[in-house]
Amino acid sequence: MALPCDTLLQNGDAGAGLFPETGPRQGGTRLTITGENLGLQFRDIQTGVRLGKVPCIPIEEEYISSERIVCLLNDATGYRVQEANVEVCVRDCLADYRALSPRAFTFVTPFFTRVLPAQGPLSGGTRITIEGNHLNAGSSVSVNIGRHLCHFKKRNSREIVCVTPAGLTPGSTPVMVDIDSAELRNPEVKYNYTDDPTILRIEPDWSIASGGTLLTISGTNLATIREPKIRAKYGSAESFHNCTVFNNSVMVCLAPSVADSERGFSDTGSGPDEIGFYMDNVHALVVVNETFSYYPDPVFELLSPTGVLELKPTSPLILKGRNLIPAAPGNSRLNYTVFIGETPCVLTLSETQLLCEWPNLTGQHKVTVRVGGFEYSPGTLQIYSDSLLTLPAIIGIGGGGGLLLLVIIAVLIAYKRKSRDADRTLKRLQLQMDNLESRVALECKEAFAELQTDIHELTQELDGAGIPFLEYRTYAMRVLFPGIEDHPVLKEMEVRVKEVQANQEKALTLFGQLLTKKHFLLTFIRTLEAQRSFSMRDRGNVASLIMTALQGEMEYATGVLKQLLSDLIDKNLESKNHPKLLLRRTESVAEKMLTNWFTFLLYKFLKECAGEPLFMLYCAMKQQMEKGPIDSITGEARYSLSEDKLIRQQIDYKTLTLHCVNPENENAPEVTVKGLNCDTITQVKEKLLDAVYKGSPYSQRPKAGDMDLEWRQGRMARIILQDEDVTTKIDNDWKRLNTLAHYQVTDGSVIALVPKQNSAYNISNSSTFTKSLSRYESMLRTASSPDSLRSRTPMITPDLESGTKLWHLVKNHDHSDQREGDRGSKMVSEIYLTRLLATKGTLQKFVDDLFETIFSTAHRGSALPLAIKYMFDFLDEQADKHSISDSDVRHTWKSNCLPLRFWVNVIKNPQFVFDIHKNSITDACLSVVAQTFMDSCSTSEHKLGKDSPSNKLLYAKDIPNYKNWVERYYSDISRMPVISDQDMSAYLAEQSRLHLSQFNSMSALHEIYSYIVKYKDEILSALQKDEQSRRQRLRSKLEQVIDTMALAS
């Protein structure tokens, strides 16, 4: 059947529209062709569409007669074709029934190279961008993350955007892109599912109704979210704010506003209906279970009933209102800004008013108050000229009233101005006092953040180098014999004659056998303690010597100790002393032996558990103290926990970044060190040694006294800096130590630690040296920068007249020259006591960590040391034996037994445990912590008042919490299963075996024997009188020892 001519496809009419114009070689592209006369029926074009030689199969369901053909492109990988025009043939494809598209279709090879971001939460919802080329080819695209479809958003030639689905498990997942029939794969491109973020804390946990205040959000995996938002809902009001992520654990958000809510806000804070976060598809965070409060917006009074207030330029503006400081817990405060026109003013804040001081302004200006998202204008300020008398008025008064009237007016003006200044100063001082707490809190927060960074770096260094623990032998000697470095128990006895040596060893062996007889040892100790000449020092020495001699017999030593403690308790109760005084002071051998017993048995616990927080506290304390000036003479510091060691004046100083040449290898990279321009040269050397040899034990690094500090300027110019030299400033009887500021050392200077120069280097006989020295001195007086110092000149300490006193930052407080005006501040010195509070806040976390570790029965998976449980059970048994039911007495016994006898000593003296150097300011601060530790163990209530010591006031709020920890600790221990005698024996035997040869037992016995010699008659008499001693013939055995030793001597 023939078709009418007007329905035939005319040449050139077809292919007017072609979509898409590119596609993958693998085919599968749905090609849409639009035009005219594209056949009357589907069968007319069923086999007549192709691109070059590549067939395109029309789809009947999508065919529109004469207007549109949709066909599915076949695989073109077998054809050598890059681009081709679409050919459409109707029926027999005669010349008049064939047409080509005016634009060619291009075959491309799509690929992708990366995905951004490359990670996101397991719950999905992350908007990701897949980057590559030809990604807009073809008619359809699908993206899979693993087995799940990524929700497509948009694409162009270089990227595809989609939203990730939820993952199954955390970890890397392949990204698969399909464009039509092309399957794009890149094994190097993975998408990493991470655990969903969590929110741990919102600080501060409050805002005002208008929001806009800065919130610090702590959590985990926060960095996996690209655009987190915080949301809040209160009544009908709901709002959002974007957040800025700093790292995985911290992000900062502006609090959302709920001011439009129809519900009111309580002065004590109103909790929102919901507070949460939009973090991709992490639905668990849309509402978080965090305590958060909204406080009412501040309310300000109008400047005047008319809204316009007239003021003089020098008068402060006082804005009165309420709710200016919300009654929120914590140290966070609102950050107010007040603009006079466009100019911000200096603010002083109190609970009911803002005092605003501005630069010289005149004219009319709008006043605007901003805090967070709150903004309010209480009116307009009209500032008029301060000039009271114009020139014509003065001339008129002079002509009419004469000179006398002019003088009177001048006096009145001066008086009025003085009164106004005094009133303004008084108001400002009152507001400054109100503002003091917030200043302390801010200083504390900034210092803590900086210290946290330093401690984080220190922790990373410790992971590599380890904490410098002392070996067991050195640790034990420092506790047992403090201050004695080379004790006889560490060495062999020096005996030159062999026969004498043999007799001595025989006698000491017999004496050692006697000491292992419990009755002899108990009689020996009791007899010594009964002698009036047996001093406190002797008691401690004998206790330490006995424990070192019995180091290999710990089970026997424990039995002796228990008997001595039992006797001590009996004696204490018989003498009608208050039971709480037991073990309070070291007045007996037993108490010192108890300290030594814990010292031996808690070394492992110190090394594995408590040592780390103690070392971190020491490091944090040392670093915080060294961030501010420390007086090298008095030991006082800007940052201190001890009132006695606090610099009570303003010291101006700058932090300098110094580049230290590595003393071990000058070609190695320079070490960057922070110092203060007010540091003495020795203080700088100590800081340099700390930085260069960080991670090295103190005993294994050079000492500051053995090194010189060399300031280098170029290759040749090198100057030795010293604490004292010919340039040292002397004023009357006072000589000030040289500092970096004295030498005009600037930020970024290069310095080096070099071995101390020999004596020839410091001789001033040569004329060359004298010329060089005078040249240096003249330069030092005129130099504006270190570039003018070009001589390598050693500094010579001059001969000083007797009576010259050294000083560094402050002179002695009782010195008559020390006037209040010299202190650099008009504030009374007590105002600086707030720095104690700031320092305490900075170190709070480290003190808490130490106390929590000590007062905890679960130490990172390891069990409570058996010695603690065993000794506490022994004390409970003694209390039961004497029918003591008072829990306070039992608590006090345990506190005096362990915290007082062992932990306080370790906290005050970390150098007993670690290879470190403790300076005087650190020692003073550790003493405050140790006192707080002891107060926490006490059951008595401390009534505090204005006259209480500052260290008691400093931790007054924390001690009740610490006391709860102690009570819980003692309670947990009492509920633990009793240690069997068999288990304790095995434990003590193992401890004896581990440390058997740490001390020379013969030397220890020889030292103990010296007390036998001193109190021979008394001891022999006591052995003779005692019946059990007579049965065991202990007196005759001791006499045998004495006779043998007599032969040796």
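In which helix is leucine 404 found? Leucine 404 belongs to helix α2, which spans residues 391-434; helices (H or I, at least four residues) and strands (E, at least two) are DSSP runs numbered from the N terminus. The model is predicted, so local features need pLDDT of at least 70 and side-chain atom pairs count only at pLDDT 80 or more, whereas totals for chains, interfaces and linings use all residues. Residues are numbered from 1 along each chain as its sequence is written, and side-chain values use heavy atoms, with hydrogens and water left out.

Leucine 404 counts as exposed because its relative accessibility is 63%; exposed means over 50% relative accessible area, buried under 20%, and partly exposed in between, with a 1.4 Å probe and protein chains only. Together with Leu405, Ile408 and Leu412, Leu404 forms a nonpolar surface patch with about 390 Å² of accessible area. Such patches consist of residues with over 30% relative accessible area and no salt bridge, where like charges are joined within 9 Å and nonpolar side chains (Val, Leu, Ile, Met, Phe, Trp, Tyr) within 5 Å. The areas come from the Shrake-Rupley method with a 1.4 Å probe, and for residues only the protein chains shown count as cover.

The covalent cross-links come next. A disulfide is a pair of cysteine sulfur atoms within 2.5 Å, and a search of the whole structure finds five disulfides. Cysteine 56 and cysteine 71 form one of them, with sulfur atoms 2.0 Å apart. This pair links distant parts of the chain, since cysteine 56 lies in strand β5 (residues 54-58) and cysteine 71 in strand β6 (residues 66-73), 15 residues apart. The torsion about their S-S bond is about 95°, so the disulfide is right-handed. Both cysteines, 56 and 71, are buried.

Another disulfide joins cysteine 243 to cysteine 253, the sulfur atoms being 2.1 Å apart. Cysteine 243 is in strand β21 (residues 237-247) and cysteine 253 in strand β22 (residues 250-254), so parts ten residues apart in sequence are tied together. Cysteine 89 is bonded to cysteine 93, S to S 1.8 Å; cysteine 89 is buried at 6% relative accessibility, whereas cysteine 93 is partly exposed at 30%. With the bonded cysteines numbered in sequence order, the pairing is 1-2, 3-4, 5-6, 7-8, 9-10.

An open sheet of four strands follows the order β25-β27-β31-β30, with antiparallel pairing. Its edge strands, β25 (299-300) and β30 (346-349), each pair on one side only. Two strands pair if DSSP finds at least two bridges between them; four bridges join β30 to the antiparallel strand β31 (residues 353-357). Threonine 348 stands opposite leucine 355 in β31.

Salt bridges add further contacts. A salt bridge is a side-chain nitrogen of Lys or Arg within 4 Å of a carboxyl oxygen of Asp or Glu, and the whole structure holds 36 salt bridges. Glutamate 62 and arginine 30 meet in one of 2.1 Å, N to O. Glutamate 62 is in the loop between β5 and β6 and arginine 30 in strand β3 (residues 30-38), 32 residues apart.

Arginine 890 forms a salt bridge with aspartate 876, the closest N and O atoms being 3.5 Å apart. Arginine 890 lies in helix α15 (residues 887-897) and aspartate 876 in helix α14 (residues 866-881), so the pair ties together parts 14 residues apart in sequence. Elsewhere, Lys622, Glu626, Glu686, Asp690 and Arg701 are joined into one network by salt bridges that share partners.
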